[in-house]
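Trainee: Could you take me through one part of this model up close? I'd like to hear about a pair of aromatic rings and then what surrounds it.

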Amino acid sequence: MIKVFLAVITVLATGFADGDPVQGMAAQGGLSGFVFLPGSDVLQEGCLRIQGRLNYIDLKNSSNSYLVLPLNVTWGWMKGVEIGGEIPFYLHSVEEDRVPGDITAGCAWLYETARGGSAIVLRGQLRLPTGQKGRDRGSELAFGVATGTTFRLFRLQASASYILNGGRNPFKDRIIDYMDFSIGGASYVTEDIQIVCAMDGNTLSDFGLSGSGVLYAFDNISLFGVIRAGLSGYETYSISAGAAWTGSGF
């Protein structure tokens, strides 16, 4: 799977790298942003992003750990609107009956922009229960907003969502609702290197701190690494590394 992803990235980068470079990455679920920090912007019309990351997750109070390969696709559908999706592949135990996890699809609308780079994005996502019961959360419907503003080379971002879960949650075997949030910032330390710090959590008592580094040294390609420490919840920590390719003219 990893070799296939790298081969696709190489072919696309070779075939469509002419023109102005387009860069960026996707948050969890496939819409624009950073892995644990949803963004306050969307892809331009006709732009396509393909992203993959290898994610190691260590769980609390358990000897189990996960090695996951989430693959994302994001497309600038029309001016101010993008659609995206994600499917994770659990690689830690290929003997399992259901290696793919829950599929997520979503849409983001750039509602408003202002001077200084400030913006408001409305977001909606649907999670399908295609993964293994007891491991994946199952069906979820989320509606939220992300906002951000820029101070010189520093961008402050925040997001919040209202989520309905269809039953695969660790608390009740029925539909429940909860909120999740994230807040953080991104800053360029050099022309090609960006660092990101964020806090994310939800009303189900899952909180974490994350730090990311993004390298924009290649046209159309972003390389990134992420470390997240779980302050409460089921994860002790997670480590991710990945790449995103973004092209135009689609």
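Mentor: Let's start with Phe181, in what is a predicted model. Phe181 has a relative accessible area of 28%, so it counts as partly exposed, since buried would need under 20% and exposed over 50%. Its partner is Phe207, also partly exposed because its relative accessibility is 30%. The two ring centres sit 5.9 Å apart with the planes at 50°, so this pair is tilted; to be called edge-to-face, the planes would have to be over 60 degrees apart. What I like here is where the two rings come from: Phe181 belongs to strand β10 (residues 176–188) and Phe207 to strand β12, 26 residues apart, so the pair links distant parts of the chain.

That's one of 6 aromatic pairs in the structure. Another is Trp109 with Tyr111, and that one is edge-to-face, at 5.3 Å centre to centre and 85° between the planes. Trp109 is partly exposed at 41% relative accessibility, and Tyr111 is partly exposed too, at 46%.

Now zoom out to the strands. β10 and β12 are both part of a barrel that 12 strands close, running in order from β3 to β14 with antiparallel pairing. On average, neighbouring strands in this sheet are turned by 20° against each other, if you ignore direction. Towards the end of that order, β13 (residues 221–232) and β14 (residues 235–247) run antiparallel and are joined by 9 bridges. Across that pairing, Val226 stands opposite Ser240 in β14.

Next, have a look at the surface. A nonpolar patch of about 650 Å² is made by Ile103, Leu126, Leu128, Leu141, Phe143, Tyr162, Leu164 and Met179. Strands β7 (119–128), β8 (140–151) and β9 (154–165) each put in at least two of the patch residues. Take Leu128, in β7: its relative accessibility is 37%, so it is partly exposed, and a patch residue needs over 30%.

Finally, two loop residues are worth a click. Arg152, in the loop between β8 and β9, has a positive phi of about 55° although it isn't a glycine. Asn220 does likewise with a phi of about 70°, again without being a glycine, and you'll find it in the loop between β12 (206–218) and β13. Their surroundings are another matter: Arg152 is exposed because its relative accessibility is 83%, while Asn220 is buried, with a relative accessible area of 2%.

Technical notes. Residues are numbered from 1 along each chain as its sequence is written. This is a predicted model: local features need pLDDT of at least 70, side-chain atom pairs count only at pLDDT 80 or more; totals for chains, interfaces and linings use all residues. Side-chain values use heavy atoms; hydrogens and water are left out. Two strands pair if DSSP finds at least two bridges between them. Helices (H or I, at least four residues) and strands (E, at least two) are DSSP runs, numbered from the N terminus. Axes are lines fitted to C-alpha atoms, for helices over the stretch in contact, and angles run from 0 to 180 degrees between N-to-C directions. Patches are made of residues with over 30% relative accessible area and no salt bridge: like charges are joined within 9 Å, nonpolar side chains (Val, Leu, Ile, Met, Phe, Trp, Tyr) within 5 Å. Accessible areas come from the Shrake-Rupley method with a 1.4 Å probe; for residues, only the protein chains shown count as cover. A salt bridge is a side-chain nitrogen of Lys or Arg within 4 Å of a carboxyl oxygen of Asp or Glu. Buried means under 20% relative accessible area, exposed over 50%, partly exposed in between (1.4 Å probe, protein chains only). Rings of Phe, Tyr and Trp (its six-membered ring) pair if their centres lie within 6.5 Å; planes under 30 degrees apart count as stacked, over 60 as edge-to-face and the rest as tilted.
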